[in-house]
Amino acid sequence: MKNAYVKRVWEYVQAKNANEPEYLQAVQEVLTTLEPVVDQMPELEPNAILERMVEPERVIMFRVPWMDDAGNYHVNRGYRVQFNSAIGPYKGGLRFSKEVNLSVLKFLGFEQVLKNSLTTLPMGGGKGGSDFDPHGKSDKEVMRFCQSFMTELYRHIGADVDVPAGDKNVGGREIGYMFGQYKRIRDEYTGVFTGKGLTFGGSLIRTEATGYGLIYFAQEMLKKVGDNFKGKVCVVSGSGNVATYAAQKLIQLGAKVVTLSDSNGYIYDADGITQEKLDWVKELKGVRRGRISEYAKKFPSSKYFEGKKVWEVKCDCAFPCATQNELLGSDAKTLLSNGVKLVAEGANMPSDLDAVNAFLDAKILYAPGKASNAGGVATSGLEMSQNSERLSWSSEEVDEKLHSIMVNIHNNAYDTAIKFGATDGKFVNYVAGANIAGFVKVATAMIAQGLV
Ligand code: NDP
């Protein structure tokens with residue numbers, strides 16, 4: 001880092017958050033790319049914009065007691081990080097996973113602020129969740145947990161205050177239970193959650209939105225270099241919401257998807273994953289809550305690799321859609337030596353800093369998650385609009401809006417990178433473009449609103 005103000009803030013962040021590696025990683029990546037804009041906006045420093053951007057407005061932490069089916073008591077920890085409300089109510093998902101702690105939620109909340117800004121919809125950034133893991137729990141146990149979680153969280157959220165959604169391990173089932181409990185306590189029926197079921201205020205295409213949006217974004221990147229997905233060999237990691245709908249859109253666009261994974265290993269299907277096989281995976285992971293290894297038993301054209309990552313498979317395009325830091329510098333090297341041309345992130349911060357730098361140094365097409373996975377939250381924004389109008393739009397209408405939002409996000413990141421000189425010949429640095437474009441809108445709103 002060269003800019004003295006950026007450097008000072010980075011030192012402050014490191015000193016204040018020494019035990020939060022994921023948060024430091026997210027902030028470092030953003031601060032290093034903001035230097036050109038900080039040089040050009042002298043008003044940032046006297047308004048302490050960077051100092052305020054790296055400090056959440058509010059962090060709520062609470063006890064979540066719940067009872068299992070055998071009558072035993074358990075206690076988990078719940079959180080909501082309300083990061084920045086300069087451009088709208090806090091908005092961001094809830095994650096239920098053993099890995100959840102303040103570092104993970106602060107990194108996700110920080111990224112969410114910039115991502116929501118990129119959508120151009122009026123949404124601030126937040127994130128929350130719990131170290132509760134729904135794997136292996138019965139529906140009733142998950143319901144009791146969700147009800148207890150909401151019994152505390154309800155007082156901090158609301159349609160115009162903070163609107164949570166799903167994230168890892170928080171899907172339609174969990175959102176339904178939490179929304180039900182909110183409604184019961186508050187005695188009001190509002191759009192306090194997005195990702196709701198279609199019978200109670202959910203939006204068509206919300207389930208598909210992050211995966212579809214990711215592929216719409218990547219399609220724009222290919223278009224810029226005169227290419228498309230026809231016949232491209234694609235690897236996708238994960239087998240949850242984002243991964244399956246990314247794979248679905250790729251298949252529709254004529255690509256050959258050859259992998260899916262979970263936290264135990266991956267499957268490689270030499271014939272390519274078809275829509276039929278994908279429907280089977282959705283049922284396996286979403287309903288039966290099984291393991292991806294079962295795919296290899298069901299489909300003889302495939303093989304299962306225990307404890308391995310999809311990045312060892314030769315491909316044209318790679319889509320990390322599972323979790324943070326799933327793609328390390330060494331994985332990036334393998335992908336690059338196998339000739340990968342495009343990497344677009346469906347998950348949040350799936351590539352570590354070494355991997356990001358390897359992709360940028362190799363000058364391939366590389367899309368950072370905060371831009372390429374913004375389709376989910378953008379469609380959540382559309383769900384909020386439908387809820388406040390008491391209307392529901394058709395699938396085609398929502399999909400069309402999602403597509404045009406993703407094209408806009410792409411163009412905004414691309415044009416901003418060019419405007420701030422984050423290019424090298426034909427190479428355009430989408431990381432810098434997305435970070436700067438997201439940041440400027442939030443910073444401008446913060447300055448206008450004074451010292452709050
Ligand atoms: P899901 O819980 O639906 O799916 C996560 C998938 O990733 C599961 O298949 C899980 O397998 C797998 N997984 C978890 N850890 C690993 C690992 N270390 N290696 C390989 N696979 C792993 O979550 P989502 O699809 O909703 O979210 C995935 C990512 O996308 C997260 O980073 C999330 O923050 C991000 N995201 C999600 C959005 C959304 O709309 N849902 C929006 C924007 C970003 P297992 O069964 O073993 O747990």
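User: What makes four residue pairs across the interface of domain 1 and domain 2 count as polar contacts?

Analyst: In this predicted model, a polar contact needs a pair of N or O atoms within 3.5 Å, one able to donate a hydrogen and the other to accept it. Across the interface of domain 1 and domain 2, four residue pairs meet that rule, both residues being at pLDDT 80 or more.

User: How many salt bridges cross the interface of domain 1 and domain 2?

Analyst: The count is zero. A salt bridge would need a side-chain nitrogen of Lys or Arg within 4 Å of a carboxyl oxygen of Asp or Glu, and the rule finds none across this interface.

User: Which parts of the chain are these domains, and how many residues are in contact?

Analyst: Domain 1 is 58-189 and domain 2 is 207-367. Twelve residues of domain 1 are in contact with seven of domain 2. Between them the two domains bury about 700 Å², 39% of it on carbon and sulfur atoms.

User: Why is the space lined by E29, E111 and other residues called a cavity?

Analyst: A cavity is a set of points where a 1.4 Å probe fits but cannot get out, so the term applies to this space. The largest cavity holds about 70 Å³, and the search finds one cavity of 30 Å³ or more. Its lining divides into five nonpolar, two polar and four charged residues.

Note on methods
Residues numbered from 1 in each chain as written. Heavy atoms only, no water. 1 Å grid on protein atoms, 1.4 Å probe; cavity = no way out; pocket = protein on both sides within 12 Å on 5 of 7 lines; lining within 4 Å. Points joined across faces, edges and corners; volume = space filled by probe spheres on them. Nonpolar A, V, L, I, M, F, W, Y, C, P; charged D, E, K, R; others polar. Domains from an automatic or database assignment. Contact = heavy atoms within 4.5 Å. Buried area = accessible area lost by both parts, 1.4 Å probe. Polar contact = N/O pair within 3.5 Å; in protein donor to acceptor, adjacent residues only side chain to side chain.
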